[in-house]
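This report describes one protein chain for a first-year reader. Please look at the sequence and the fold before reading on.

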Amino acid sequence: MSTIPRLVIAAPASGTGKTTVATGLMAAFTEAGLTVSAHKVGPDYIDPGYHALATGRPGRNLDAYLCGPDQVAPLFLHGSAGADLAVVEGVMGLYDGASGYGELASTAQVAKLLRAPVVLVVDASAQSRSVAALVHGFASWDPGVRLAGVILNKVGSDRHEELLRAALDEAGVPVLGALRRAPQVQTPSRHLGLVPVAERQAEAVDSVRAQAAQVREGCDLKALLALAHSAPELPGTAWDPARAVAQGGADSVTGKPVVAVAGGAAFTFSYAEHAELLTAAGAEVAVFDPLRDERLPSGTRALVIGGGFPEMYAAELSANEPLRRSVVALAASGAPVVAECAGLLYLSRSLDGEPMCGVLPADARMSQRLTLGYREAVALSDNALAAAGTRVRGHEFHRTVLEPGAGTSPAWGMTHPARRVEGHVQDGVHASYLHVHWAAEPSLARRLAAGAAARPPLEAPRG
């Protein structure tokens, strides 16, 4: 049983300011001396980067679709170990989940699984007394959700705040904060959401500080902390990466083979549990930056290139020819190379006309069409990441097109919502648009680590 104090920060819809409020609360409580654990409902990689900046701890995702409802509390307990307070930022509207699956993966479902009180962030800019009807509807929709208070965002004036508070007083819902419009706390966005922290480090620090100051001034932090402490005990055992990789029956590898993991501004999408699983499986994780480093880490035996925004750095990635040669040499040796989304583009021949690694016989370009959604898939062949027949749940999130999208040996057979093949498998390379959370299928990390252990270390290419 765990008694970690916790809050879920939700909203009626996207765009109301819940990321600003949640990040501001994390930063304000951290600045007050608390150790804060930050969590994000859903598959989003970008918000956890701001959460990590606010708290000094890894931002973690809680996704009941990708990992299953049974894993939500264990992953939460793992991520919040040693913390004084946990703040969970919701996704979309409070009751919005995976399309066609009812409440699955919604903020409401996660709040119930965590037995956590919910604070609703309401954009009050275009309403006054009607706010009570809105909040009443959200509070009464699902009796299993404990909507315990409201934070009013984008309040126009003192008089406006008085009207809002009076209406919510009639509705019996406590107002725990009222925030004025403040452009300096906003975070810039582009084609896939917020600009990641790694791309605007100094400005992001200033934004988070401004968010903390706004929350400190406009919210009742004492009441919010008391509400977090009112959460009941949470039963269950914390997820453990060592136990997870051991459940497949195979021993951890020996010799600590180096698995290089791409990072830096171009490759910011990664779940913290992936590195933890690789380490638990016996690998040594070595992070490198394809924008700056001219060779893979010493002793590299396998490579992971996750998601991110290579389209914003295509020229710089292309200009780093020594690293591209190093990646080509590793792939040609048959070593395990696993690429997700951005990594898929980096391994292609070209991205928007800029030469990339050329490992895959495909070319990538930006598109006006957003591809977004949860997916179910099955591995069609034995490969570096998965054994044939392995079934996973993942998500796609990109505005690029790869031509051809599937190789002669595709990575995945998509089974839902549409049946199609996707991605490329060749030699030791597994490259796909599909993002998968390895905590749901620890065999992926175990298989990759074992494949790395079976390879000789990469020698630096000459010339």
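The text below goes through the sheet, the helices beside it, the nonpolar cores and one residue in a helix elsewhere in the chain. The model is predicted.

**The sheet**

An open sheet of seven strands runs in the order β3-β2-β4-β1-β5-β6-β7, and its pairing is parallel. At the edges stand β3 (60-62) and β7 (175-180); each has a single partner strand, so one side of each is left without a neighbour in the sheet. On average, with direction ignored, neighbouring strands are turned by 25° against each other. As background, the strands of a sheet pair through backbone hydrogen bonds, either parallel or antiparallel.

The table lists three of the pairings, each with one pair of residues that stand opposite each other.

| Strands | Sense | Bridges | Opposite residues |
|---|---|---|---|
| β1 (residues 6-10) and β4 | parallel | four | L7 and V87 |
| β2 (residues 36-41) and β4 | parallel | five | A38 and V87 |
| β1 and β5 (residues 118-123) | parallel | three | V8 and V118 |

V87 of β4 thus appears in two rows, opposite L7 and opposite A38.

Why is strand β4 described as largely enclosed by the rest of the structure? A residue counts as buried under 20% relative accessible area. Five of the five residues of β4 (residues 85-89) are buried, so the strand is largely enclosed. L85, V87 and E89 point one way from the strand, while A86 and V88 point the other way.

**Helices beside the sheet**

Helix α1 (residues 18-31) packs on the sheet and touches β1, β2, β4, β5, β6 (147-155) and β7. The direction of α1 makes about 170° with that of β4. Helix α5 (residues 130-141) lies across β5 and β6, and runs at about 145° to β5.

Helix α4 (residues 107-114) has six buried residues out of eight, so it is largely enclosed by the rest of the structure. Which residues of α4 are buried? They are T107, A108, Q109, V110, A111 and L114. These buried residues pack against the strands β1, β2, β3, β4 and β5, and also against helix α3 (69-79). Just after α4, R115 takes a positive phi of about 50°.

**Nonpolar cores**

In soluble globular proteins, nonpolar side chains tend to be buried together. The largest nonpolar core in this model has 115 residues. Those with the most contacts inside it are L114, I151, L152, L224, W412 and W438. Helix α1 gives the largest share of this core, seven residues. L114 is also one of the buried residues of α4.

What does L152 touch, not counting residues up to four places away in sequence? Its contacts are V122, A124, V131, L164, L168, V175, G177, A178 and L179. Apart from the largest core lies another core, of 37 residues, including A265, A266, Y313 and C357.

**A residue in helix α12**

S326 is located in helix α12 (residues 321-332). Is S326 buried or exposed? The relative accessibility of S326 is 1%, so it counts as buried. S326 and T107 are 219 residues apart along the chain, and their C-alpha atoms are separated by 43 Å. T107 is itself one of the buried residues of α4.

Technical notes
Residues numbered from 1 in each chain as written. Predicted model: local features only at pLDDT ≥ 70, side-chain atom pairs only at ≥ 80, totals over all residues. Heavy atoms only, no water. Buried < 20%, exposed > 50% of the residue type's maximum accessible area, 1.4 Å probe, protein only. Pairing = 2+ DSSP bridges. Axes fitted to C-alpha atoms, helices over the stretch in contact; angles between N-to-C directions. Contact = heavy atoms within 4.5 Å. Core = buried A, V, L, I, M, F, W, Y, C linked by side-chain atoms within 4.5 Å.
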